[in-house]
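Visitor: I'm new to this structure and would love a close look at one part of it. Could you pick the inside and walk me through what is packed there?

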Amino acid sequence: MAAPVPELQLRRVCRQAWEPVLARARRAVVFLDAASAEALHWGGGGAGELLAAGALAVRALPAAAEAAGAARAVFVVSGALRGGTAAAVRGVLGQGAVRHCVLVSGGEAEGGGPAELEETLRRWMGEGGRAEVVLRGPPLLAPVSAELCLLPALAALLPPLPGPGGPGPAEVGPAALPAELRAAVRALVGDLDALFTALGLREESFAVGALSRVVAAELASYAPARNRRRTATNKASVVFVDRTLDLAGAVGHHGDNLAEKILSVLPKLPGHKTDVMVNMVELTALQTTDETCSIIAPGCLAQPNDPAAKALWESFVNLKQKEAVMEARRHLVEAASRENLPIKMSMGRVTPEQLSSYIQLFRNNLKALENHCGLLQLVLATVQTLKHPQTSKWDNFLAFERLLLQTIGESEMPSVLNQLLPMIKSYNERTKDDYTCEDFLVLLVYMYSVVGEIRSGKELEAAEEEVKKALVKAICGEPEPSPLLQKITGCDSSLNLTSQKATDAVDDIFQSLRDIARARMHMKQFNSIHNAGSNTHQASYKPLLKQVVEEICNPDRPDPVDIEHMSSGLTDLLKTGFSMFMKVNRPHPGDHPFLIIFMVGGVTVSEVKMVKDLVATRKPGTQVIVLSSALLTPCSAIELLFATDRLQPDTDI
């Protein structure tokens, strides 16, 4: 048995992806697309790393209209060069200033191999231009925590919902998928193979859910992966799980987790899907209470070059909120003592005001600010989250979700919807504690995902119609639709948001909700995520991911019913065939010392912690990491489900 893959090795792979860029950055302007920038931000040391390697500037792609401003340009794209990315690169090169360009890309472009790509780039530059194409080794990963890595290039990936009377999971093959989803699956398989090559893994693939089956089968039969598995020595199990089988986990508020709350309530960093903006005004002499003040650059959570801040972030991810806040105070007190700042220790409960008063001590001390900048950003994020009005709403959500679990067990869906109805209020009737339109979408997804298959009938349709009408009225009554409502309705202002557009959007949402309720209908073992409760026990939510991991860690090793093994060759097929009438051990996801869970469509911080804790107690000695396409918050899950432009074909040529 080869040594399991430690976290350090994963960090090394994240850095390795940037080596070809750093080697070519000298005296060049480096252009990054959004997903590459996010990977650099979490795992590649940030833009400072590129500047230290001699880059003249780091810019976003698609670039603004101005020219590169240098004769050398390096383009880093997360996938293949196609669509809008190709148009953006062509736009920069077409201005004529660049005479030498390097393209570092993730895979073969649709136009052929590196030689053809170089020819295309030379044509775009005009006569005398030199071009080099470098195909990256490992994929661009964003290591958000010790146990979680994201593939930012696939942030829009979500398994399709089963339509009414649609094909069962066994009938869904790559050919049945829309073209853009097929391209995303191909990109994912290529990225995973590159990652497993860098880690020297020989994996067995397993799947739970229809799209997971497609991904696992493609990875099992992918020619480069089959060649790698012949020689690699580190054995691992990779279990793909469809997000849509349990959306209650994505929109629920069950985790008592500080990191989850910070990610949910603070505004996103511009151009980023995961990290948030931390208001840094408190550390300056600027006296303003304006939340939107943008004179001071925002702070953020990713601190790849600061060990103390990284340790504190791991505490936010892995501890309960109360313990995490105490940990923030401890780190702050230690930092202040090291800088000889006059800190007054106080015991007892940690308040945001107390943390703020400690932060103030660093304000006029430039050396202390510089030494502990990462730590201060994380503590400021904590203070701003604890004071945020949305945080007090978090507990309301939690209470209401518990009530829903109880009610769903005792009554039919129509009566549950009728209880929801009086709470849907339009903008003029709402107080700060009332739920907004987006909040109701979160609750509806939670309800329909937990309840599972619903009996249709006139009563259900009537109840749904009433809720639809109330939602349309509330959406049309918004003085200015929020960014999320704009994406759902396709209208960027209240002027062109007609009643008809709102009605169409809400009808589509309810069609999707019915599909969400049907998502587990083909499951035999994992067909419910709801414990109905009894006279002695409260009804509860039992996460699908928890059921899957418990099954993997089951010491009796029963043949999994819904965790399907994807065979990669004749030997595996023969094993599976013989096992019907002979005692042959079929591959089991608990067989290997290294377990990778890939959530197809996004994962939450609470789920990552739950997987880590379960494996540590049920199967000590097994190393586990969670990979996913996105880190979800209730709001981002709703956007992924209902936004109109989610996986549009990238055809901007």
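**A look inside**

Guide: Let's start with a single ring: Phe-510 has a relative accessibility of 2%, and because anything under 20% is called buried, Phe-510 counts as buried. Keep in mind that this is a predicted model.

Phe-510 has a partner, Tyr-448. Their ring centres are 6.3 Å apart and the planes stand at 90°, so this is an edge-to-face pair. The two come from distant parts of the chain: Tyr-448 belongs to helix α19, Phe-510 to helix α22 (residues 499-518), and 62 residues separate them. Tyr-448 is buried as well, with a relative accessible area of 0%.

Now stay on helix α19 and look at Tyr-446. Its ring faces another partner, Tyr-541: here the centres are 6.4 Å apart and the planes make 55°, so the pair is tilted. Again distant stretches are linked, since Tyr-446 sits in helix α19 and Tyr-541 in strand β11 (residues 540-541), 95 residues away along the chain. Both of these tyrosines, Tyr-446 and Tyr-541, are buried. If you like hunting for rings, the whole structure holds 9 aromatic pairs, and there is also one aromatic cluster made of Phe-397, Phe-400, Tyr-435 and Phe-440.

Step back a little and you meet the largest nonpolar core, which has 129 residues; Val-239, Trp-313, Phe-316 and Met-447 touch the most other members. Helix α19 (residues 437-451), which we've just visited, gives the most to this core, with 11 residues. A second core, separate from that one, has 37 residues, including Leu-151, Leu-199, Leu-201 and Ala-225.

Val-239 deserves a stop of its own. Leaving out neighbours within four places in sequence, Val-239 is in contact with Phe-206, Val-208, Val-548, Ile-552, Ile-563, Pro-589, Leu-595, Ile-596, Ile-597 and Phe-598.

One of those contacts, Phe-206, takes us to strand β8. Of the 8 residues in β8 (residues 201-208), 7 are buried, so this strand is largely enclosed by the rest of the structure. What does β8 pair with? Strand β9 (residues 234-242) runs parallel to β8, and the two are joined over 8 bridges; Glu-203, for instance, has Ala-236 in β9 as its bridge partner. Strand β12 (residues 564-566) runs antiparallel to β8, with 3 bridges between them, and there Phe-206 is matched with His-565.

A helix can be tucked away too. In α3 (residues 34-43), 8 of the 10 residues are buried, so this helix is largely enclosed by the rest of the structure. The buried ones are Ala-35, Ser-36, Glu-38, Ala-39, Leu-40, His-41, Trp-42 and Gly-43. After α3 comes Gly-45, with a positive phi near 90°.

Last stop: an open sheet. Its 5 strands lie in the order β2-β1-β3-β4-β5, paired in parallel. At the edges are β2 (57-60) and β5 (130-135), each pairing on one side only, and the twist from one strand to the next averages 20°. Look at the β5 end: β4 (residues 100-105) joins β5 over 6 bridges in the parallel sense, with Cys-101 opposite Ala-131 in β5. Helix α6 (residues 114-125) packs on this sheet, where it touches β4 and β5, and the direction of α6 makes about 145° with that of β5.

Conventions: Residues are numbered from 1 along each chain as its sequence is written. This is a predicted model: local features need pLDDT of at least 70, side-chain atom pairs count only at pLDDT 80 or more; totals for chains, interfaces and linings use all residues. Side-chain values use heavy atoms; hydrogens and water are left out. A nonpolar core is a set of buried Ala, Val, Leu, Ile, Met, Phe, Trp, Tyr and Cys residues joined through side-chain atoms within 4.5 Å. Buried means under 20% relative accessible area, exposed over 50%, partly exposed in between (1.4 Å probe, protein chains only). Helices (H or I, at least four residues) and strands (E, at least two) are DSSP runs, numbered from the N terminus. Contact means heavy atoms within 4.5 Å. Two strands pair if DSSP finds at least two bridges between them. Axes are lines fitted to C-alpha atoms, for helices over the stretch in contact, and angles run from 0 to 180 degrees between N-to-C directions. Rings of Phe, Tyr and Trp (its six-membered ring) pair if their centres lie within 6.5 Å; planes under 30 degrees apart count as stacked, over 60 as edge-to-face and the rest as tilted.
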